[in-house]
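I opened the notebook on this structure and kept the entries short. The order is the order of looking.

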Amino acid sequence: MAGTEKQQCRLVVGDLVMDLNCYPPALADVLANWFIQEASDRPADLDLDLELVAHEDIPELPNSLLANKLVGSDGSFDVAGGLITGCLDRTGARGSIRPKATLARGRLLRILEQIFYQAFHSANTLRGGDACLVHSSAVIADGAGFLFVGPSGAGKSTVAQLSTNHHVLGDEMQLLAPEGEGFTVRSTPFNGTFRNKLPGQAPLRAIFILEQADAHRLTAIGPAEAASALAAEIVPPVGLDELPTPDTLPAMVEYAARILEYTPVWRLEFLPDPGFWEILATEFNLEIGDGPGDRSDQP
Amino acid sequence: MLELQSILVQNPACPVREIGEGLVIMAPEGTVTHSLESIGVFIWNHIDGQNSLQMVLDAIVAEYDVAADTAREDLLEFVNQMHKSGLVLTADG
């Protein structure tokens with residue numbers, strides 16, 4: 001390491017806490033401004049040195065941080081030909097992440113975020129957790145959590161922007177975890193384009209597969225289609241020192257199937273206006289007003 | 001291009017999960033899922049390395065209220081898509 005001074009940034013994802021010891025120290029401020037998250041004074045589940053690596057080349061940016069990844073038997077990993085390297089010491093619950101410095105700038109932070117999905121899974125495994133990250137937007141309305149999923153361009157950010165009368169948890173990545181007879185949806189620090197999100201959590205009431213259309217429509221879909229669509233948006237449960245295996249996709253489908261045991265899934269066709277909330281209010285018997293956001297579930 | 005005399009077999013490299021009355025079939029490359037409901041499941045269950053597509057078509061027409069011509073077109077389109085996605089293989093490899 002070029003220097004020794006580090007500054008810490010905490011990353012809180014659900015009940016898991018990761019301490020990021022940042023070098024250069026200014027990186028901690030960049031991340032603190034980037035991540036919108038809950039505070040936590042719990043002990044860290046994973047302690048990571050996060051060191052930016054200076055470089056002169058213009059690295060090629062991958063579509064996926066899993067597709068071009070190498071791992072070593074010593075816990076080391078290399079993503080996209082050195083774009084991000086590091087290692088994980090499972091026994092000590094610590095490790096390092098060394099991204100090329102370009103990833104700490106502007107929109108490229110969204111690529112850097114993805115290594116923290118893997119860090120979350122490492123911490124989740126170390127703690128024996130059972131939560132999963134889902135590429136989605138989510139809103140709490142009348143105390144109930146609603147999850148909106150779909151591929152990029154389906155309208156997750158649009159739904160968030162159209163839901164500012166309610167408590168928007170985020171438009172990029174939410175955490176689902178089993179709780180009692182069902183699942184809870186919870187915000188995460190990870191960002192899409194919608195920045196006015198608020199931390200929070202609520203019982204998961206329904207999931208919507210999004211489709212932009214010429215009218216607002218809510219239709220039932222078959223369980224297999226629901227599971228397939230939901231599984232496609234579950235972040236592969238792969239840790240820092242792991243690669244996807246033939247069991248990874250079946251595990252994602254299995255998790256989707258578990259969610260479906262408790263949570264109905266619908267297809268929501270919608271226009272770019274908030275009118276779909278009237279349909280949801282009717283279907284789910286929600287008491288929602290026209291005033292400022294329904295912020296009843298902030299931590 | 002598959003034809004009615006083709007005999008298909010389910011790709012053993014594709015994990016399958018029953019969900020309700022449907023199926024989620026995971027493509028062999030491990031990143032994509034396909035869902036089947038209703039008649040799709042019926043067709044999948046008849047792809048067993050023994051039935052020709054003509055026999056599958058006959059079973060569809062007997063089971064569902066559908067014209068044979070329409071069923072043939074839809075069946076061939078469906079199985080060609082499944083074959084292209086690697087979910088089914090021709091029985092002769």
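What share of the 93 residues in chain B is buried? I found 26% of them buried. The model is a predicted one, and I read every entry below with that in mind.

**Chain B, fold.** I listed the secondary structure of chain B and got three helices and six strands. Along the sequence I wrote the pattern down as β-β-β-β-α-β-α-α-β.

**Chain B, dimensions.** I looked up the radius of gyration of chain B, which is 13 Å; a compact globule with 93 residues would have one near 12 Å, so the two agree. Along the principal axes, I noted a box of roughly 35 × 30 × 20 Å for the C-alpha atoms of chain B. I then turned to the contacts in chain B with a separation of 6 or more, and 54% of them are between residues 24 or more positions apart.

**Chain B against chain A.** How many residues does each chain give to the contact? Chain A gives 17 residues and chain B gives 15 residues. On the side of chain B that touches chain A, I found β2 (16–19), β3 (22–26) and β4 (33–36) of chain B as the elements that give two or more residues. I sorted the residues of that side of chain B into six nonpolar, seven polar and two charged.

**Chain A, strands around β7(A).** I followed β7 (residues 94–99) of chain A to its partners. Strand β3 (residues 46–51) of chain A runs parallel to β7(A), with four bridges joining them. In that region I noted A:D47 opposite A:R94 in β7(A). Strand β6 (residues 84–89) of chain A runs antiparallel to β7(A) and is joined to it by six bridges. Here A:L88 stands opposite A:G95 in β7(A). I checked the link between β6(A) and β7(A): they form a hairpin with four residues between them. In the turn, A:A93 has a positive phi of about 55 degrees.

**Chain A, domains.** The domain assignment of chain A gave me domain 1 (7–127) and domain 2 (132–283). I noted 24 Å between the C-alpha centres of domain 1 and domain 2 of chain A. Domain 1 of chain A puts 25 residues into their contact, and domain 2 of chain A puts in 20 residues. For the side of domain 1 of chain A that touches domain 2 of chain A, I listed β1 (7–13), β4 (69–71), β6 and α2 (109–127) of chain A as giving two or more residues. Which element gives the largest share of that side? I found that α2(A) does, with eight residues. By class, I entered 13 nonpolar, nine polar and three charged residues for that side of domain 1 of chain A.

Note on methods. Residues are numbered from 1 along each chain as its sequence is written. Chains are lettered from A and ligands numbered from 1 in the order in which they are written. This is a predicted model: local features need pLDDT of at least 70, side-chain atom pairs count only at pLDDT 80 or more; totals for chains, interfaces and linings use all residues. The radius of gyration is taken over C-alpha atoms; the globule rule is 2.2 Å times the number of residues to the power 0.38. A residue is buried if 20 or more other C-beta atoms lie within 10 Å of its own, exposed if 12 or fewer, and partly exposed in between; C-beta atoms are placed from the backbone. Two residues are in contact if their C-beta atoms, placed from the backbone, lie within 7 Å. Two strands pair if DSSP finds at least two bridges between them. Ala, Val, Leu, Ile, Met, Phe, Trp, Tyr, Cys and Pro count as nonpolar, Asp, Glu, Lys and Arg as charged, and the others, Gly among them, as polar. Domain bounds come from an automatic or database domain assignment.
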